[in-house]
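Work through the exercises below with the sequence and the model at hand. Each task is followed by a solution in steps.

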Amino acid sequence: MIAGFLLANQSPINADLRGIVHSPFIAAAISFIVGTVFLAVIAWIQTGQLLPSWTVLAKLPWWLWLGGVLGLIYLTSNILLFSKIGAIQTVILPMLGQIVMGIFIDTFGWFNSPVLALSFWRLAGIVTLFLGVIIAVVVPNLGNRVVVLNDEAKDVKIWLWQVWAVIIGGFGAIQQAINGHLGVVLASPVQATLISFGLGSILIVILAYLVERRMVSWQELKQTRPWNWLGGFLGALFVLTAVIALPHIGAGMTIMMGLLGQITGSILVQQFGWWHSIKKRVVPAQIIGIIIMLVGVGLIKFL
């Protein structure tokens, strides 16, 4: 939950960086590179080497390499979805996909995750938690038509973007499960996270160059503030925490506690206008939504 809270600060930090480098893709590439460097330093300090031997890597099943690819798909899709279905749907639909996929992963033990039976109380907790998400994220913005639904949403194909938003949320859950198992196989969560983040960095740099046809300039980099470089660190820390937590508490609980932390963190970021973000006061619906989410987590965890 703490890692999710910290991750909520990544979006406004990267948004400010985006304004400086004039590209969401270049900003994302910088964030990924910073995260990869941070993980490389931690891996070297902890294990004395960046990665396991080639012999170990060659024996890994092919699907354990998909974490970085799925992370890239999730990131770039969120950039595109914002302009297609609006901010609120871009937040809520991937969350729905993450929660649903987390249920399947836990129930059937996909990707070698711990099997957790779908009991009545677990299902009730999941429904309650998602209700809390709706109240905390959607209700406070019902009066803002621009945020809830933009003009492009009138397109008859908008439902395809909405379905894709749910699907990429599922990809996010799969990424966490894959990375969690990779950490167990390598007996090193930090090396597993480095592999996923490093692959994602290579792919996002290539994508950024293909889209923008340029690299970031030195003049742009000189305009950044020290905290503009924190986004990659926070993202890497979140992924690393998920890799460590998932084998112990399951995919569903890892995802749900992360979402709870992210929503709580986002509300506080808006309340105080951290990282040059627009200030937006906390409303009762957001507090009620977080309380309901906590009740849902309690039902899942303790009954």
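**Exercise 1. Place alanine 242 by its burial and its surroundings.**

Step 1. Alanine 242 has a relative accessible area of 7% and is buried; buried means under 20% relative accessible area, exposed over 50%, and partly exposed in between, with a 1.4 Å probe and protein chains only.

Step 2. The model is predicted, with local features needing pLDDT of at least 70 and side-chain atom pairs counting only at pLDDT 80 or more, while totals for chains, interfaces and linings use all residues. Residues are numbered from 1 along each chain as its sequence is written, and side-chain values use heavy atoms, leaving out hydrogens and water.

Step 3. Alanine 242 is part of helix H12; helices are DSSP runs (H or I, at least four residues), numbered from the N terminus.

Step 4. Leaving aside residues up to four places away in sequence, alanine 242 touches Gln176 and Thr254, where contact means heavy atoms within 4.5 Å.

Step 5. From alanine 242 to proline 114 the sequence separation is 128 residues, and the C-alpha atoms are 14 Å apart.

**Exercise 2. Describe how H9 and H12 pack.**

Step 1. Two packed helices are described by the angle between their axes and the distance between the axes. Axes are lines fitted to C-alpha atoms, for helices over the stretch in contact, and angles run from 0 to 180 degrees between N-to-C directions.

Step 2. For helix H9 (residues 158-186) and H12, the axes come within 8 Å and cross at roughly 110 degrees.

Step 3. H9 and H12 are therefore roughly perpendicular to each other. The classes are: under 35 degrees roughly parallel, over 145 roughly antiparallel, 65 to 115 roughly perpendicular, and the rest oblique.

Step 4. On the H9 side the contact includes Gln176, Asn179 and Gly183, and on the H12 side Phe238, Ala242 and Thr254 are among the residues met.

Step 5. The contact residues divide into 10 nonpolar, 5 polar and no charged. Here Ala, Val, Leu, Ile, Met, Phe, Trp, Tyr, Cys and Pro count as nonpolar, Asp, Glu, Lys and Arg as charged, and the others, Gly among them, as polar.

**Exercise 3. Describe the packing of H7 on H12.**

Step 1. The axes of helix H7 (residues 120-137) and helix H12 (residues 230-272) come within 11 Å, crossing at roughly 20 degrees.

Step 2. This angle makes H7 roughly parallel to H12.

Step 3. The crossing of H7 over H12 is left-handed: the near helix is turned anticlockwise from the far one by less than a right angle, whereas clockwise would be right-handed.

Step 4. H7 contributes Arg122, Ile126, Leu129, Val133, Ala136 and Val137 to the contact, and H12 contributes Gly252, Met256 and Ile263.

Step 5. By class, these residues are 7 nonpolar, 1 polar and 1 charged.

**Exercise 4. Is serine 196 buried or exposed, and which residues does serine 196 touch?**

Step 1. Serine 196 lies in helix H10 (residues 189-212).

Step 2. Its relative accessibility is 6%, so serine 196 counts as buried.

Step 3. Not counting residues up to four places away in sequence, serine 196 touches Gly67, Gly68, Gln175 and Asn179.

Step 4. Asparagine 179 is 17 residues from serine 196 along the chain, and their C-alpha atoms are separated by 7.2 Å.

**Exercise 5. Classify the aromatic pairs.**

Step 1. A pair of aromatic rings is described by the distance of the centres and the angle of the planes. Rings of Phe, Tyr and Trp (its six-membered ring) pair if their centres lie within 6.5 Å; planes under 30 degrees apart are stacked, over 60 edge-to-face, and the rest tilted.

Step 2. The structure holds 10 aromatic pairs. One of them joins phenylalanine 120 and tryptophan 121, edge-to-face at 5.3 Å centre to centre with 75 degrees between the planes.

Step 3. Phenylalanine 120 is exposed at a relative accessible area of 62%, and tryptophan 121 is partly exposed at 42%.

Step 4. Tryptophan 164 and phenylalanine 171 have ring centres 5.9 Å apart and planes at 85 degrees, so this pair is edge-to-face. Tryptophan 164 is partly exposed, with a relative accessible area of 29%.

Step 5. Phe104, Phe108 and Trp110 are linked into a cluster by ring pairs.

Key
Helices (H or I, at least four residues) and strands (E, at least two) are DSSP runs, numbered from the N terminus.
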